Amino acid sequence: CSKMGKRSRQRQKNQNAGRDDRDSNGWGAGYADIVKENKLFEHYYKEQGLVPEGEFEEFMEAMREPLPATIRITGYKSHAKEILHCLKEKYFRDIQELEIDGQKIEAPQPLSWYPDEQAWHTNMSRKIIRKSPLLEKFHQFLISETESGNISRQEAVSMIPPLLLKIEPHHKILDMCAAPGSKTAQLIEMLHSDMEVPFPEGFVIANDVDNKRCYLLVHQAKRLNSPCIMVVNHDASCIPTLQINSDGRKDILFYDRILCDVPCSGDGTMRKNIDVWKKWTTSNSLHLHGLQLRIAVRGVEQLAVGGRMVYSTCSLNPIEDEAVIAALLEKSEGSLELADASADLPGLKWMPGVTSWKLMTKEGQWYSDWSEVPKSRHTQIRPTMFPPKDPEKVANLHLQRCMRILPHHQNTGGFFVAVLVKKAPMPWNKRYPKVVLTSTRIPLADASSLLPEGTPEEVEEDGPGGKTEVEAEHEVPPGDSQEAGGKQDSVCGPPPSKKLRLFGYKEDPFVFLTEDDPVFNTIQSFYDLSPSFPKLNVLTRTHEGKKRHLYMVSKELRNVLQNNSERMKVINTGVKVWSRNSDGAEFGCAFRLAQEGIYTLQPYIRSRIISVSVEDIKVLLTQENPFLSKLEDNAHAQAKQLGMGSIVLKYIPNPNNPSEPQCAIQLCGWRGKTSIRAFAGCIQTILLSVV
């Protein structure tokens, strides 16, 4: 045993030695020594002619410069407005007057194209920040606000796709490749544009193929405390078709909006991901093209007619960009159209999409047409990677409506984005009536022979558990055994239904409460819940034993969850509204309010509410357990009327006093015997900053 321990310690020592070398050479001092040069990259992009005449050197210079820091104010409208007010009044104004070592500091500037000044960029380096106590204070504010979820450090170009989706509160949204989740957060914020509505009709289903990265999504989503977000874990290229109950019958869930921000080679991120300089090669995009196209195809299959899908990459390579869009449009045979988004973001500088490009292997061999590609290369290089040759066909695709963002035009990263609108069901879904597919099963391997020429085989074969496009939309019953994936064994009937294969952590179940669940008895009377409170939307994460936490989802997400539990792997959903508190039972209710869900729950609570002033809030946030007498007369009188237990502390802004916070704020608290306490919540940092 001791020998084994000694051996493993030695192995660990060897590993650490290697890590130290890496830290000092590759990551520490040596990180700056990475030469920001890649001849193949320069040759490739010069040859493609994607950068306007005479700007190539400027483009390369911008690529070598560090990316400016950009921040986005997160959260819902009135809160975001308050943070912006605080930033401008308390920090930005002082910075404008600041000089360091004789140099005037450039104050943060709003991104001209982002609505309502909710996104800013700054060129301040860490070195300069360290030299000024004022800047250090601003820096600390940014750190604390980021930790509490009020500010998000997000690359400027990454903010573009959600804006182009034009989201409204009733939209059903799918984010196909969502991790780490900054775009997902934008989508959720847009759903909740009206803070007076606790349950918007729409929802966001955020998906990622990587189980661990799904938990980053959960972390991002939890900052926004929305009952309308669900995080799922699937391969986006074969994400299952979901079903919902619609007027008493089963129906397919089609999404109004889809964000398809696909995995890419990332050569637009060289300014922040310095590794890309060393690793860049053309084979990266050749390997990814097929997957990108499959994900995009799967997206448009699940898009509602009249819906909008945004396809985006942080790559400048046409093989990952226009080639995917052109192939998708050709396959759609008029069912899809590229939308003209040129007027949607005034102030944003972008280049139109290109209509011709060439392909290069990592050895430097160029091909401009599929006919030139030798047979030995046919597995790596696909026909869909080349631009269409027929000028009329090219003109009808309107590829110039794609948007290319180049780094030197607005001091950003490189980016590509295209907005697609669905005009009709996809052709492979229209042609084959339900009866053909349900009465006679076709092995996946043979299904392509039934499809129109050039449909699925050009999308390349699906991986295990994948679907051909024939099965994907409403022509196949969603409850079908195909849903779990797998190849068919015979033509004469479906195979036995397979269980969904789970990877990563096994999640606790999502169990909805019934209206007559005994847990509601004391909750109902203690908080005087209004009759309109949707008890059926309350869920817990355990089948047996005491319920520790109660969560809520919107009615529409409940519909999705209840009809697809065998079909999808849900990582997280719902917002916590109550937590069990053993002390509470003796005061009338064993469940205390949870800060995360207070904005969802409060409209239904008719008792246990204390209206507080700014002065009361100062006391509650700066003193640990202040006596009731420390509150102003109004709040003190209200508190005396209440028995011990969980309470809501509600601040309503006074529009006649603009020096006070102008957003409604609700904090969970506890009324003790002689004292009162506010529980920590993200929103407190706004108040601390303002008051």
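The following exercises, each with a worked solution, concern a predicted model.

Local features require pLDDT of at least 70 and side-chain atom pairs count only at pLDDT 80 or more, whereas totals for chains, interfaces and linings use all residues. Residues are numbered from 1 along each chain as its sequence is written, and side-chain values use heavy atoms, with hydrogens and water left out.

**Exercise 1.** Determine which strands stand at the edges of the five-stranded open sheet, and which helix packs on the sheet.

*Solution.*
Step 1. Strands (E, at least two residues) and helices (H or I, at least four) are DSSP runs numbered from the N terminus. Two strands pair if DSSP finds at least two bridges between them.
Step 2. The strand order is S20-S21-S22-S24-S25, with antiparallel pairing. Strands S20 (511-512) and S25 (591-593) each have a single partner strand, so one side of each lacks a neighbour in the sheet; these are the edges.
Step 3. Helix H19 (residues 519-527) packs on the sheet and touches S21 (538-540), S22, S24 and S25, contact meaning heavy atoms within 4.5 Å. The direction of H19 makes about 45 degrees with that of S25; axes are lines fitted to C-alpha atoms, for helices over the stretch in contact, and angles run from 0 to 180 degrees between N-to-C directions.

**Exercise 2.** Describe the setting of Cys314 and state whether Cys314 is buried, partly exposed or exposed.

*Solution.*
Step 1. UniProt, in an unreviewed entry, places the feature "active site" at Cys314; such annotations may be inferred rather than shown by experiment, and feature names are shortened, with positions in the numbering used here.
Step 2. Cys314 is found in the loop between strand S13 (303-313) and helix H12 (322-332).
Step 3. Leaving aside neighbours within four places in sequence, the contacts of Cys314 include Cys264, Asp267 and Phe415.
Step 4. Relative accessible area under 20% is buried, over 50% exposed, and in between partly exposed (1.4 Å probe, protein chains only). Cys314, at 24%, is therefore partly exposed.

**Exercise 3.** Classify the aromatic pair formed by Phe92 and Phe138, and locate both residues.

*Solution.*
Step 1. Rings of Phe, Tyr and Trp (its six-membered ring) pair if their centres lie within 6.5 Å; planes under 30 degrees apart are stacked, over 60 edge-to-face, and the rest tilted.
Step 2. With centres 5.7 Å apart and 75 degrees between the planes, Phe92 and Phe138 are edge-to-face.
Step 3. Phe92 belongs to helix H4 (residues 77-96) and Phe138 to helix H6 (residues 133-148), 46 residues apart. Both are buried.
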